[in-house]
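Subject: Structure for you to look at, with notes

Dear colleague,

I am passing on the structure we spoke about, and my notes on it follow below the display. Please read them with the structure open beside you.

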Amino acid sequence: MVRRKSQAEESAARPPKKRSLEVDPYEVPDDVTSPKPSRGPAASARRPAASKAAEGEAEDSVDETQASVEPSPTKKRPGRPPKANGQAVTPSALRKKAVVATPIKLNGINGVDTPSRRNNADRSARRKSARALIDRVVGGAISDDEGEEEDIAREIYESSDEEDEDEKAEQEPIATTPSKRGPGRPRKGTTTATRKRSPTPPRDLPPHEQYFYQNKPGLTKTSGNNLSSLDLLTHEEYFSVLRQIKDPHAKDVEFLQSLHAESFPQWTFELSQGFNTCLYGYGSKRRLLHQFATYLSSKDRASPPSKIVIINGYVRTTSLREILSTLGTAASHKLTTGTPVAMVQSLLSFLTSTPTTTLILLINSIDATPLRKPGSQSILAQLAAHPQIRLVCSTDTPDFPFLWDSGQRSSFNFVFHDCTTFAPFGPEIDVVDEVHELLGRKARRVGGKEGVAFVLRSLPENAKSLFRLLVTEVIVAMDEGDSGSSEGPAVEYRMVYNKAVEEFICSSEMAFRTLLKEFHDHQIITSHKDSLGTELLSLPFRKDELEAILEDLMS
Amino acid sequence: MDSLDDHIFQEDDHRTAFIFTPPSSDPSASANTTKGTPSRPAKRRRVSSKQQQSTPTNNNTSHHAEHDQDHDHDQDPALPFPPLLSSRESPACTSLRASLFAEAWPALESRIEDVLRGANRSTLEAVHGFLLEASSDGQGCERGGTDKKIPAGFIITGPNIAGQELLFGQLAEELAGGGARVVRVRSGEGVNLKAVLKRVVRDAGRMGEDEEEEGGGRRYLDYDLEALYEVLKGKREAERRVVVAFQDSEAFDNALLTDLVRLFYEWRGRIRFEVLFGIATSVELFQARLLKSKSRLMLGRQFDVVQADKVLESVFKAAVVGNRAVVRLGPGLLRSLMERQQEQVAGIQVFISSLKYAYMCHFYANSLSFLLAGPDKLGREMLQAEHLEAVRSLESFKTHVEAAVEARQLKHAQSLLDDDEYLTGQILEQGSKREEYLLQLLQSLHLLVAMGLHTTPFTELYISALSDGVDLASGDSPVLDNVKRLGPTEIAALIGRLLNAIRDGSPELDLPGWEDDAEDLTKALTEIRDDIEALEQRAKTERNPLKSKYSAQSRVVRTTVVAQKVQLSHDTAKLTNDDKAFTEAIDRLAEVLSRHIQSDPVTSCPLHEAWLYDAKSPYRDVFVPRPGVTFSRALSRPHDYLSCACCKSNGTTAGTLPTTAILYHLYLEAGALINVADLWSAYLALVGEDTNIGLDERTALVQFYRGLGELRTMGFVKQSKKKADHIAKLRWL
């Protein structure tokens, strides 16, 4: 018996053979035995699994023990088996621990600490009232209000008595659980504990609580399904299907837009008073802004009419220079060429010198990526601050206010309007590319596995070996769960070089660099530096692709 | 939207920037644009005409120019005010509202500007004085040339960079008045040495250019200080100073500043450079960033700007409380405005903008706001039936009528309700009632402040006076108690202050003195003062200090220890006859004060809706947007916006919702990491062929793509490399 147990303990140090349990690096191993220091690169990942497996095995052994010992405790079952009884039966230390541990853990996680604190308070109140009662009896004399007091004291005493019984009743099943089920299944305890820890997500948490809840370590359990069976959309298919889709909400969206359009006079008034307008809310506001432009030009009675310039911030090639030169054309002024800063200054001083020229800027998606740079925003703010320039812009993200510091915000002098349109985004989003990027399938690379094979075929043998080395290292890094930074799992340049030298792939760093350069040119590797300045290499492929490549290279 | 319009726009959607040409439905407008555009540039581009125009408006007048222009625009009859009262408002009323706004705001704005200018006055003068002094000091050793340092003013502006703009604008004006050339550089513009120098050469050189047309002279690179020297060479000593002001010094590159200082120092023999630094933190921190060898080249002094809350208070007094404020801001709005100023460290500009927006809202959206017009513009005929109806539905009107009924003025109440003529008369009278009320309020407040017994800030005092009124006699106010405890000399001084306040009024509040109207008050006060002074005189000769039954000395708490027990006893000192007279005088004073310093809550004024603006929500929506709430509401309950029949929100995720909304619901249910494959199957289960939506897989996939793409654009998700086909959650709204 005892020997079996020690075997189980020993097995903790060994890598698991029987069970491939889900790796949970955050689970605290239950048993005391610490695994031996690991050697291999993957050992750290394996460690928790190992201990877990050991635990499992230990449980198994305990189970069996239980089965064999069973007859002796069953005799005592009728009646209330006290805890000590269970303990006495447990032959091994491990078992004792398991039995005791369960209720304690339950207590802690159940969050019963508050009630227990309350109980303490009650208890002390009860003690006091008991003392009061005794005093009364000893003292004898009872006046009117003292009698009242006594009543209260008695009440407290009795009520807590009842509660105490309730408590006992509650505790009873918990206390009996281990002995009823047999102490051989401490697993039960752990499962209830984990279940208690992650019930269905609590409703109505405030956002920040939600964040901490969802980012709790160990909670990110998702299924292993992937989209490999799904035939992803191509641009052609996307657009041909899109053309046939009829939005059931089209009418409502149109109506919503007309509601927003009713505030055009108000916006015009605000603009005329030196405020700039910023529209936010879900949905594309491009059409709305266009309508507003039409409205403005129809209402404009100033002479000469102010020029309306529409800027599409979402266009990927948007550059400040282009925007500014368009503005220059609109103001009929030849801007000095040069940096955007110089162009702005030239434009603004021209405007100051011709007070009759007014420009109205309508910017679609001022928070789109091309315009997000602080430089662009400060230039736009400078433009907006000029009294002859009016600015209306729309934003698409919910956190657009972070774009501006207080100085820019005050030069923008914005009034904000909620313009939730629900209108579908059209040219603002290149849907297919966006989604594919999101899924990590980038179109611009050499076509995955085949592309790599093609490139490698034209390279010398040691280049192939180096690439194989790289792929192996990256896969190992992936297995370690080291997600690296934005570019996925990465390996250290220095380390790869050393290994390459060890394997006689190259003899000098020069040669190594040359080989890497070739890979760089074909965009089959990427490199970047981390915050410490260490150069890192990574491969822009997903794991299954990498595995396929490695297979190809090995064969 | 017709198809033509759509088509035009499709092309433009993919261009970065383009000039909008309106669809040619309005022939006159389009003709105007096509005709106007080509002819204009030729005229405008001529250099000489441009310079003539630019010269006068250059630095000191640019503010006014922009102001005038605003003014012009306001005068524009086509100010876009739509008619109210379900479009039945007469054009006369509409334009009256517009013109009222056009008069009211600019007047107030210029007043605010005066206040702001005044607030920074001392700083400006100190800076100016320092620069003058430093440069004249330097002249003596100019011959030696080597030890002359660059005068440098370090202006501590505080962390609010938005406020710097105004200060430096004023500074530039002030210094330019003294003949110096001022160049203001912001970190955004001064990215490198060349850019800063270009700006210096251009801005400093431009001022004198019209006299300086050299024509055939040598040409310089536009960042060569030699060019500037050429311009300045012939000038008098005082005009050769160039002041370079770095507004947000901390944001500049260290090396750039060092280089500039070095360069300026080297040029000091030819051009007299002076520098100003706007500093948000502290001089020590700033100095630590500069090289020691370079800081040694500067002769610096530190200047502190007036505290922001002081400026705020004076603006508040002038623009909100003062007599010139046409529209009154209600207590609720004011309170939230002040809170925002304190909590969000918003600059004074934000406060002014909010104020302006309140004015705009009032005149734009309140159909009764035209009642603010003076009696000369307001006639009986302007009041339409709709106006009367609107008045009758007002809260203040209702309370007024109810009060009339309670007071048994049934006739009055009856006529108000039935007789349009009578009501019109009453409405037209409200203007004078308003003035009466406000005058009383301001005078009371002014006297309260003059008493000097208040510790609460003035803004707080005003807000509570508006919301709860001023009532000294009520138990809540500690003022009278404080007055009663004062000694005879203090009371005499207090009365003196009150009399002064009545005589002088308050220039801050634009409140003239009202000695003539307050004869009984002044008389009562003088009498009391004379009595007290006489009493005190007598007390002095008798060497018996004067006291009243309220003063602290008269009540002594005595502690006696009797048989190891402490006994407390109140001991009331005997009051002499004089003391009693004094007490009586104090009582009289308290009575006079509580009679004269009083005001009702603003809501008790009938028809206050015509001149009081107290709506918090437009202000909050417009200046403090809450995009997170807006987005999460739109996506989680689209029905709120769309009010469509199909997706009445009942807490479940229906397939009829817009795609992104469905995905958002699923997104909320998911953890920090989302498996796209599962998301897709969940989505398909909601809209797929088995449901009553019945989309086929490819269509559903297109919708799914769209929704996912939108989620990504809105920044809700990003790619995750942790697992294949997983995305990471980025937003918890």
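Arg408(B) takes a positive phi of about 60°, and this residue comes just after helix α16 of chain B. Please keep in mind throughout that the model is a predicted one. The helix that precedes this arginine, α16(B), covers residues 395–406, and because a rise of 1.5 Å a residue would give its twelve residues a span of 16 Å, the 17 Å between its end C-alpha atoms agrees with expectation.

The two chains meet over an interface in which 99 residues of chain B are in contact with 98 residues of chain A. On the chain B side, helix α29 (residues 697–713) supplies the largest share, with eleven residues, and by class that side has 49 nonpolar, 29 polar and 21 charged residues.

Both chains also contribute to one sheet, which is open, has six strands in the order β5(A)-β1(A)-β4(A)-β3(A)-β2(A)-β1(B), and shows mixed pairing. Its edge strands, each pairing on one side only, are β5 of chain A (414–418) and β1 of chain B (17–19), and from one strand to the next the twist averages 15°. Strands of a sheet pair through backbone hydrogen bonds, and they may do so in either the parallel or the antiparallel sense. Where the chains join, β2(A) and β1(B) run antiparallel and are linked by three bridges, with Phe18(B) as the bridge partner of Ile310(A). At the other edge, β1 of chain A (residues 276–280) pairs with β5(A) in the parallel sense over five bridges, and here Asn276(A) stands opposite Phe414(A).

Two helices of chain A that pack on this sheet deserve a look. Helix α16 of chain A (residues 374–385) touches β1, β3 and β4 of chain A, and its direction makes about 130° with that of β4(A). Helix α14 of chain A (residues 320–330) touches β2 and β3 of chain A as well as β1 of chain B, and its direction makes about 10° with that of β1(B).

Elsewhere in chain A, helices α20 (residues 461–479) and α22 (residues 509–521) pack with their axes 10 Å apart and at an angle of about 75°, and since angles of 65 to 115 degrees count as roughly perpendicular, α20(A) and α22(A) are therefore described in that way. The contact involves Asn462(A), Ala463(A), Leu466(A) and Phe467(A) from α20(A), together with Leu515(A), Glu518(A) and Phe519(A) from α22(A); by class, these are five nonpolar, one polar and one charged residues.

Finally, I would point you to strand β4 of chain B (residues 241–246), which is largely enclosed by the rest of the structure, because six of its six residues are buried. Arg241(B), Val243(B) and Ala245(B) point one way from β4(B), whereas Val242(B), Val244(B) and Phe246(B) point the other way, and all are buried. Strand β3 of chain B (residues 181–185) runs parallel to β4(B) and is joined to it by five bridges, with Arg181(B) opposite Val242(B). Strand β5 of chain B (residues 272–279) also pairs with β4(B) in the parallel sense, over six bridges, and there Leu276(B) is the bridge partner of Ala245(B).

With best wishes

Notes. Residues are numbered from 1 along each chain as its sequence is written. Chains are lettered from A and ligands numbered from 1 in the order in which they are written. This is a predicted model: local features need pLDDT of at least 70, side-chain atom pairs count only at pLDDT 80 or more; totals for chains, interfaces and linings use all residues. Two strands pair if DSSP finds at least two bridges between them. Helices (H or I, at least four residues) and strands (E, at least two) are DSSP runs, numbered from the N terminus. Axes are lines fitted to C-alpha atoms, for helices over the stretch in contact, and angles run from 0 to 180 degrees between N-to-C directions. Two residues are in contact if their C-beta atoms, placed from the backbone, lie within 7 Å. The expected span of a helix is 1.5 Å times one less than its number of residues. Angles under 35 degrees count as roughly parallel, over 145 as roughly antiparallel, 65 to 115 as roughly perpendicular and the rest as oblique. Ala, Val, Leu, Ile, Met, Phe, Trp, Tyr, Cys and Pro count as nonpolar, Asp, Glu, Lys and Arg as charged, and the others, Gly among them, as polar. A residue is buried if 20 or more other C-beta atoms lie within 10 Å of its own, exposed if 12 or fewer, and partly exposed in between; C-beta atoms are placed from the backbone.
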